[in-house]
Amino acid sequence: MPDSSHGARASTPAFTYTLRRIPPRDEIVFKSVVRVLQGKTRHTWQHTDAADADLVVMGMQVPGQQAGFLHVAGHALIQVSTMAGAVGADFHGLTLPLRIADVIDYLDGAGDEIASYMARPAAPGVVQAAAAVHVPFNQRVSLTRWPELALLQGDVRYLKLATVLTGLPVSITELAARTQFPLQLCQTFVDALKASGLVRVTDDQREVPVGQRVSPSGAQPQKPHPGGHHGLIARIRSRLEMFVRTSTAK
């Protein structure tokens, strides 16, 4: 039996997960199990179909050997064997039918690794690009053009930050709160965007209405955007999905 004494606390980190290649019936079971386990794991988990989920739970007909939690484009990965019969002793992942103790162990391990991944310092290339400017924490910014791959560094944290910045203008402090990324990481990325001429800085420091706020997962408000801005959001989401599909296919 797993030790549930590490159960969720008020400050429990919240992460998102998405399911890939899982049979529909098993997908329903997995979601139900995760909901039941809220408060029994070290982290809070919320399902999403978005391409920028923190964790990918991937069904495998022929599970591969895996040491720890393999990162796919910045996502932690948990393999789930969907093949009939027993798997090899060297298989690192979940099997069907699910065992509650195993689900807790794997979610805790993946969550710990995601937290460590998110706390990493900014990439050297981003730090260098940010050295020339400094955007105040309380000034709101919004993205005017999607960053080049060289600035995104293939890092899902920068993809999430850039996606949030395509919505309503936000301050660096708000950006850190919504994404749960370190404040310094958000500061450095916004400074790099500013140095590259990719963000608009405003003096608006008013509170954003609750109904119009961008969610922590980077989802945009449901209210349609006028003109071409809606098309920008669609293109960004498409790029995120292509990024993940390309990475998981390798």
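How many helices and strands are there in the protein? In the predicted model, the protein contains eight helices and eight strands. Of its 250 residues, 46% are buried. The accessible surface amounts to about 12800 Å², and carbon and sulfur atoms account for 56% of that area. Where contacts between residues at least 6 apart in sequence are considered, 71% of them join residues at least 24 apart.

Helix H5, spanning residues 156–164, was examined with respect to burial. Nine of its nine residues are buried, and the helix is therefore largely enclosed by the rest of the structure. The buried set consists of Val-156, Arg-157, Tyr-158, Leu-159, Lys-160, Leu-161, Ala-162, Thr-163 and Val-164; the charged residues Arg-157 and Lys-160 thus fall under the cut-off of 20% relative accessible area that defines a buried residue. The N-terminal end of H5 is capped by Asp-155, a side-chain oxygen of which lies 2.9 Å from the backbone nitrogen of Arg-157. Arg-157 also takes part in a second arrangement, in which its charged end sits over the ring of Tyr-158 at 5.7 Å from the ring centre.

Aromatic pairing was considered next. Three aromatic pairs are present in the structure. One of them is formed by Phe-15 and Trp-45, whose ring centres are 5.7 Å apart; with an angle of 55° between the planes, the pair is classed as tilted, because the stacked class requires planes under 30 degrees apart and the edge-to-face class planes over 60. Phe-15 belongs to strand E1 (residues 14–20) and Trp-45 to strand E2 (residues 44–47), so the pair ties together parts that are 30 residues apart in sequence. Both partners are buried: Phe-15 has a relative accessibility of 3%, and Trp-45 has a relative accessible area of 4%.

Another pair involves Tyr-158 and Phe-189. The centres of these rings lie 4.9 Å apart and their planes meet at 5°, so the pair is stacked. Distant parts of the chain are linked by this pair, since Tyr-158 is located in helix H5 and Phe-189 in helix H7 (residues 183–195), 31 residues apart. Tyr-158 and Phe-189 are both buried. The ring of Tyr-158 accordingly features in two arrangements, being stacked with that of Phe-189 and having the charged end of Arg-157 over it.

How values were computed: Residues are numbered from 1 along each chain as its sequence is written. This is a predicted model: local features need pLDDT of at least 70, side-chain atom pairs count only at pLDDT 80 or more; totals for chains, interfaces and linings use all residues. Side-chain values use heavy atoms; hydrogens and water are left out. Buried means under 20% relative accessible area, exposed over 50%, partly exposed in between (1.4 Å probe, protein chains only). Helices (H or I, at least four residues) and strands (E, at least two) are DSSP runs, numbered from the N terminus. A polar contact is a pair of N or O atoms within 3.5 Å; within protein, one must be able to donate a hydrogen and the other to accept it, and residues adjacent in sequence count only if both atoms are side-chain atoms. Contact means heavy atoms within 4.5 Å. Accessible areas come from the Shrake-Rupley method with a 1.4 Å probe; for residues, only the protein chains shown count as cover. Rings of Phe, Tyr and Trp (its six-membered ring) pair if their centres lie within 6.5 Å; planes under 30 degrees apart count as stacked, over 60 as edge-to-face and the rest as tilted. A charge sits over a ring if NZ of Lys or CZ of Arg is within 6 Å of the ring centre and within 35 degrees of the ring normal.
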